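Got the viewer open? Take me through this one, stop by stop, and tell me what to select and what is there.

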Amino acid sequence: MSLIPINSFANEALKAHISKNALSIYNLFALQIIDRQHQELADALVVITPEQYESSVRSILDDTSVSLSEMTIAYMRLVQAFSAPLDAAYDSLESFYTALVPLFSSADGTYLVPYVKWLSAQLVTTAFSVDKQFNLRGKYRKANGAARLLSRMFNLMLTDRGPLSESKRRGILQITNLAFKIYTKLDNDRLCQTFISNLKKGGIEITDFELPEQVTYRYYMGRFEYYQNNLKEAEGHFSFAFRHCPNRAWRNKRLILEFLIPTRMILGRMPKDELLNAYNLMEPYASLRESIRKGDIHGYLTTLDSYMDYLSRKYAYLLLRGRGIVLVWRSLLRRIFVMTHRATNEFAISFKACSDAVHISSKSDEYDFFDIENLLVSLISQGYIRGYLHHEKQQMICSKKNPFPTISEVRLLTEQYNDDLAQDHLSTMQPEIPQEVDDILRTNDEGSAEEEMGDLEGGDYMYD
C-alpha cells in the first residue's frame, strides 16, 4: 500500500499548524471518518506497519514541530482503534489527548483553544460511556483518568498570563465545567474546591466568558454550595443559571429547577403552579408546598416518603426531610397562635395546645412532652419564632412584635465541624482518666462485647 494517504494527512496537518487554522485542525483530527481523506487514511493504516507511518510522519513534521509529529502519530493510532472495543478506543483517545498537551503548551499553541475545548468534551463523554458499558467502579473508572488530564490542561491554561482574547485561558471555564461534571458524577464534589480556589487565585473573572459557559459554571457552583448546605449561595447560582439558560433548553432548565425549587422552599420562596406545570414538576412539589403552608405534618412526610426515590436521586430528600419539616412545624404553630390570639388576645400558647396540634397534624402519638419542648426550643433558637418558654406556666410566650417572621427573613444556621480540631482537643485538652476508672471502663467494655456477641451467635436477634 502507498504511503500517499499518510503523507497527505501529515502535510495537511503541517499546513494547518503553520497557518494556525483551528477549523482545519478540527476537520483533520475529527475522531471519525468524515470524508474521503479520512477513509483513505484508515484504509492505509490497516495494511502498513506502525514503523512505516511513524517514520513517514516524522520525516514531514519533525523539522517544524516534534510535538505536532507526536500528536499526528497518536491520532493515527486512534484511527486504528476506531474498530476496537470502546474501552480500547478510549485508551487511545487518552493517549491522543496527552500527545496534544505539548503542542498546545507551546508559545504558538493558543490557536488550538477551540479544538481543545471540543476534544475535552469528547474525552469526558467517551469516558462516561465506557464506565457505563463496562460497569466500571471506583479507581477503575475511565472518568478518573479524564479528570487527571483535565486538571493538567487547566493548570496549563492558568499559567498563560496574556490578555484573555489572546490567551489559552479562553478555554479554562470549559475545562472547569467538564471537571465539575466528572466530580459530580463521581460524588466527589470536594475536588471542585481546588478548581474554584485556583480560579480565584488566578484572577479569572467568570463574566469575561461566553454566557453558555457561565450558565454551566453557575449550575455546578450551585450544586457545590448545595452539597455544603450553603443554601443562599446555592440559590444565587441556580437562579442565575435558570434565568440565563435559553427557553429552548427545556431539559436543562428543568434540571436546574430540580435543585432550585427545594433550595428556595427551605428559604421560604414557594414555587407557583405555572412554573411547576411548565416543567412537569407539579408533584411532589405542589403537595409539599401545600403541606408546609397548612402545617400538615402527616401530609408532608407522606409525600416525602412517596417520592423518596426521586428526591434522593436529586439530592433533595434529606434537605427537605431535615429542614423542610421545621417549616411545617412553624406554620402549624403559627396557625395555633393566630387562633389563640383571636380568642384570648394573649401572646402565649400553652404547651398542651402545641402538643395537641402536633399530634393531630401528624396523626401520631409518637411525640411526647419532651419532643414538643425540643421542637419549640428548636424553632425559637433558629429564629422561626420570636419568644421564650415559660416552664412554670407551661407556655410559650411569643413576642408582641412580629412573633412569626417570614421564613425568608430567618438566617439559616449551618453546623460546621472540624475533625482535626476535635481530635486535637480530645488528645491534648482532656484530663487523663485515672487508672482505676480506666480499669473499670475496660472491664465493662469487655463484658458488654462478650454479651452482645453471645446474643448474636445464639440467634436471638433477627434483622430484615
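Start by selecting L149: in this predicted model, L149 has a relative accessibility of 10%, so it counts as buried. The residue belongs to helix α8, which covers residues 142-158. Now show whatever touches L149, skipping neighbours within four places in sequence, and you should get E94, Y97, T98 and L123. While you're there, draw a C-alpha to C-alpha distance from L149 to I175: the two are 26 residues apart in sequence, and the line should read 9.9 Å.

Next, jump to helix α15, residues 282-294. Run a distance from its first C-alpha to its last and you get 18 Å for 13 residues, close to the 18 Å expected at 1.5 Å a residue. Which residues of α15 are buried? Colour P284, Y285, A286, L288, R289, S291 and I292, since those are the ones. To see what covers them, bring up the surrounding helices: the cover includes α13 (250-266), α14 (273-278), α16 (297-306), α17 (308-313) and α18 (317-344). Then step just past the end of α15 to G295, where phi is positive, at about 75°.

Stay with α13 for a moment, and switch on side chains for E258 and R254. They meet in a salt bridge, 3.0 Å from N to O. Both partners sit in α13, four residues apart, or about one turn of the helix. Are these two charged residues buried or exposed? E258 is buried, with a relative accessible area of just 2%, and R254 also counts as buried, at 19%.

For another pair with that spacing, go to helix α19 (residues 351-362), where K352 and D356 lie four residues apart, about one turn of the helix. Their salt bridge has its closest N and O atoms 2.8 Å apart. The surroundings are another matter: K352 is exposed, with a relative accessible area of 57%, and D356 is partly exposed at 33%.

Now for a bridge between two helices. Select E70 and R58; the closest N and O atoms of this salt bridge are 3.0 Å apart. This one links distant parts of the chain, with E70 in helix α5 (residues 66-80) and R58 in helix α4 (residues 50-61), 12 residues apart. E70 counts as partly exposed at 30% relative accessibility, and R58 is partly exposed too, with a relative accessible area of 29%. Add E54 and R77 to the selection, and you have a network of salt bridges linking E54, R58, E70 and R77. How many salt bridges does the whole model hold? The count is 14.

Last stop: the cysteines. How many disulfides are there? The count is zero. To see one reason, select C354 and find the closest cysteine sulfur, which belongs to C398: the two sulfurs are 8.0 Å apart, too far for a bond, given that a disulfide needs them within 2.5 Å. C354 is buried as well, with a relative accessible area of 1%. Finish on C192, another buried cysteine, with a relative accessible area of 4%.

How values were computed:
Residues are numbered from 1 along each chain as its sequence is written. This is a predicted model: local features need pLDDT of at least 70, side-chain atom pairs count only at pLDDT 80 or more; totals for chains, interfaces and linings use all residues. Side-chain values use heavy atoms; hydrogens and water are left out. Buried means under 20% relative accessible area, exposed over 50%, partly exposed in between (1.4 Å probe, protein chains only). The expected span of a helix is 1.5 Å times one less than its number of residues. Contact means heavy atoms within 4.5 Å. A salt bridge is a side-chain nitrogen of Lys or Arg within 4 Å of a carboxyl oxygen of Asp or Glu.
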